[in-house]
Amino acid sequence: MAVSSAFSFLSDRKRPIAVAVVLFIVLSSLFLLLSPAPSALPFFSSPSSHLSSSETSIPVSSDASPPEAPTSLASDGVSSRTTADPVPVSADAPLPTTTTAVASDGVFSSTADPPRPDAAAAAGDSEADVPSPDHAPPTPPVEVEGSGSAGNNETTTGVSGERDGEWQGGGGGGAVEEPVELPSWELCEVGKGVMAADYIPCLDNVGAIKALKSLRHMEHRERHCPEPRPRCLVPLPERYRRPVPWPLSRDMIWYNNVPHPKLVEYKKDQNWVRKSGNYFVFPGGGTQFKNGVTAYIRFIQQILPNIQWGIHTRTVLDVGCGVASFGGYLLDRNVITMSLAPKDEHEAQIQFALERGIPAFLAVIGTQKLPFPDNSFDVIHCARCRVHWYADGGKPLLELNRVLRPGGYYIWSATPVYRKDQRDVDDWKAMVALTKSICWRTVVKSRDINKIGVVIYQKPTSNSCYIDRKNNEPPLCSEDDGSRSPWYTPLDSCLFPAVSSSGGGNSWPISWPERLNMKHTTTSNNSSIQFSQEKIDSDTNHWKDLVSEVYLNEFAVNWSSVRNVMDMNAGFGGFAASLIHQPLWVMNVVPVDQPDTLPIIFNRGLIGLYHDWCESFNTYPRTYDLLHMSYLLGPLTKRCHIIEVAAEIDRILRPGRWFVLQDTIEVIRKMEPILRSLHYRTTIVRHQFLVAAKGFWRPDSTGSQS
């Protein structure tokens, strides 16, 4: 009535229009008064938009070419290389300033200011310096990320939010947590001769190594973990930037990420690695690969057709791997290789391998067993590796026999096979006697067109040869020795039998990829625990559903930039199996205090090893894109401090990449503030997942070298 009287002066025709205008103004005013600020409005976005600030697509030059061509996936989940249009890459630029918002689904998104040119960039760090190697790998395309310079000491404020909108710190209301004692982070102090940016606590314990009474058996290359356990951070190399993406990284990496040119000079005549401008380039050569590693792999297939790369042969151990080109090129054939070498005078060879995106691990066959279960690998390969296999009664070769699957092959490409100088002749005679004593059959001995010789042995599939030997040397290992856990266990001086007295568990797995979902009851080689197929299938289905529904769709993880993953508590390998069609590989770690499921992981055609997460892992800093821990942190922190675990996670993880913790909300709330003190961006999803993104922050430093 009041509205009608107020508009009584209007004609009957105009009065309804005026009333509508007034109502619109009143309702609009109420909406503006009651609605939240724009930055707090909920939004919905596709998985591809759930990126951290470092994952924002940033053009680096106005004349950039189209993005990288799609990568085709092989059946094992590794990518086949495709040709991509080159994209110019500019000099390192500082990380853009970011504004982070937490979406209604608990993941974070960000907007970024345009990148600014780095005025301090060296003149050589330019488009013109992109290398042109012999096989011409294209210039790496720009990832869906900005590049960062470690020298800028960027800091990203930690932000966290639960899926239902509860905030844990960083402002706002929500549940009140118990106070968490946060560390005052400092950079690690390392011993003389150790580069701080490459620090591996259990391999760089200078004091313990100096105290060793003998170095005869490579004791100084083995693990000597420091006490107290480190609670410090490893600095970044100067001008560090995110790695070149796979598959281009197989052929070229940023020089500043692994600034170790010694190997270039040391192996300059063997085509391992070259420096070209801002890059290290890997031509695919090697000491024994005169025509390139591709021709070498093809040669092995020709002289031993039964090897059937990627079908009969799925898992390989490459001992003395160099820069891991052999394993890198086998990925094209659906073969997953654990490349292994010590941290020695061949500077940073495993660091090169991991930076290239190839599976690799630091270890030496010295006085202790390798951290792999019995009967694990289909093939073991050694190309010019400097191991005296017959030393100490043949203990090094007995260790290879232990981890080689019955019926598996040992490929030895070394000078004693084909050279005739006295030392090589003597080594060959010793090798012939040793392989005969352990019943290895010589399958083929041949030379390639460059007259480089290869001999291939096969491990027996039964114990009959051992029983028929005239001399019981080396003696068969007794099955009454108890646990066969290889963690910190001395090398055997006895011969591990091909088949246990029970007669089960050592048959050759079915062909790949059917091997991934094997259908038989499995008993661990190193324990009496029996795991039913029903339990394994249930675990596989659980991870398949969880990864497809949650991990790939609800996490703030840019999976297209993930090349390698470490599953810190791998169980049956179900998490790795669920990612098999992604262009990445997974290092499956079975903690030494958990049920021994690692033999099952290897039987499925996956790779992994044993480890104790209260100690540092045998890898260089900044070598993994994603670390995944599922229901391990609670029991783990009963033996060591949560800050020590966080420091090791930070050491392994690459800047700009992710740590995913699945656990109870109580455990998550203990870990989250520690990660925020490291300037990680964190969010809690579904009250059981903590997703944390590492930035480029480091404490103030006066240098990275002691």
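Helices and strands here are DSSP runs, numbered from the N terminus. The model on screen is predicted.

**The whole chain**

Start with everything shown as a cartoon. The chain holds 17 helices and 23 strands. Of its 706 residues, 57% are buried. Among contacts with a separation of 6 or more, 72% join residues 24 or more positions apart.

**Residues 349-356**

Select helix H7, which spans residues 349-356. Eight of its eight residues are buried, so the helix counts as mostly covered. They include Gln349, Phe352, Glu355 and Arg356. Now extend the selection to Gly357, just after H7, where phi is positive at about 95 degrees.

**Two loop residues with positive phi**

Most residues other than glycine have a negative phi. Move to Asn375, in the loop between E10 and strand E11 (377-383). Asn375 is not a glycine, yet its phi is positive, about 55 degrees. Is Asn375 buried or exposed? Its relative accessible area is 6%, and the limit for buried is under 20%, so Asn375 is buried.

Follow E11 to its other side and select Arg384, in the loop between E11 and H8. Arg384 is another residue other than glycine with a positive phi, near 60 degrees. With a relative accessibility of 31%, Arg384 counts as partly exposed.

**Glu399 in helix H8**

Go on to helix H8, residues 391-403, and pick out Glu399. The relative accessible area of Glu399 is 2%, which means that this residue is buried. Which side chain makes a polar contact with the side chain of Glu399? Show Arg402: the two side chains meet at 2.7 Å. Then add Lys369, Leu370 and Leu491, which are in contact with Glu399 once its neighbours within four places in sequence are left aside.

**The largest cavity**

Keep Lys369 selected, since the next stop also involves this residue. The model has six cavities of 30 Å³ or more. The largest cavity takes in about 230 Å³ of space. Its lining is made up of 17 residues; Arg223, Gln368, Lys369, Pro371 and Asn618 lie nearest the centre. Strand E10 (360-362) and E19 are the elements that give two or more residues to this lining.

**The seven-stranded sheet**

E19 leads to the next selection, an open sheet of seven strands. Step across the sheet in the order E19-E18-E17-E20-E21-E23-E22; the pairing is mixed. Its edge strands are E19 (608-611) and E22 (681-685), each of which pairs on one side only. From one strand to the next, the twist averages 20 degrees.

Within the sheet, select strand E17 (residues 564-567) together with strand E18 (residues 585-591). These two strands pair in the parallel sense over four bridges. Which residue of E18 is the bridge partner of Asn564? Asn564 is partnered by Trp585.

**Two cis peptide bonds**

Finish with two peptide bonds. Select Trp246 and Pro247, which are joined by a cis peptide bond with omega about 10 degrees. Pro247 belongs to the loop between helix H3 (206-210) and strand E5 (252-254).

Then select Trp512 and Pro513, where the peptide bond is also cis and omega is near 10 degrees. Pro513 sits in the loop between helix H11 (464-468) and strand E15 (522-523).

Definitions and conventions:
Residues numbered from 1 in each chain as written. Predicted model: local features only at pLDDT ≥ 70, side-chain atom pairs only at ≥ 80, totals over all residues. Heavy atoms only, no water. Buried < 20%, exposed > 50% of the residue type's maximum accessible area, 1.4 Å probe, protein only. Polar contact = N/O pair within 3.5 Å; in protein donor to acceptor, adjacent residues only side chain to side chain. Contact = heavy atoms within 4.5 Å. Pairing = 2+ DSSP bridges. Axes fitted to C-alpha atoms, helices over the stretch in contact; angles between N-to-C directions. 1 Å grid on protein atoms, 1.4 Å probe; cavity = no way out; pocket = protein on both sides within 12 Å on 5 of 7 lines; lining within 4 Å. Points joined across faces, edges and corners; volume = space filled by probe spheres on them.
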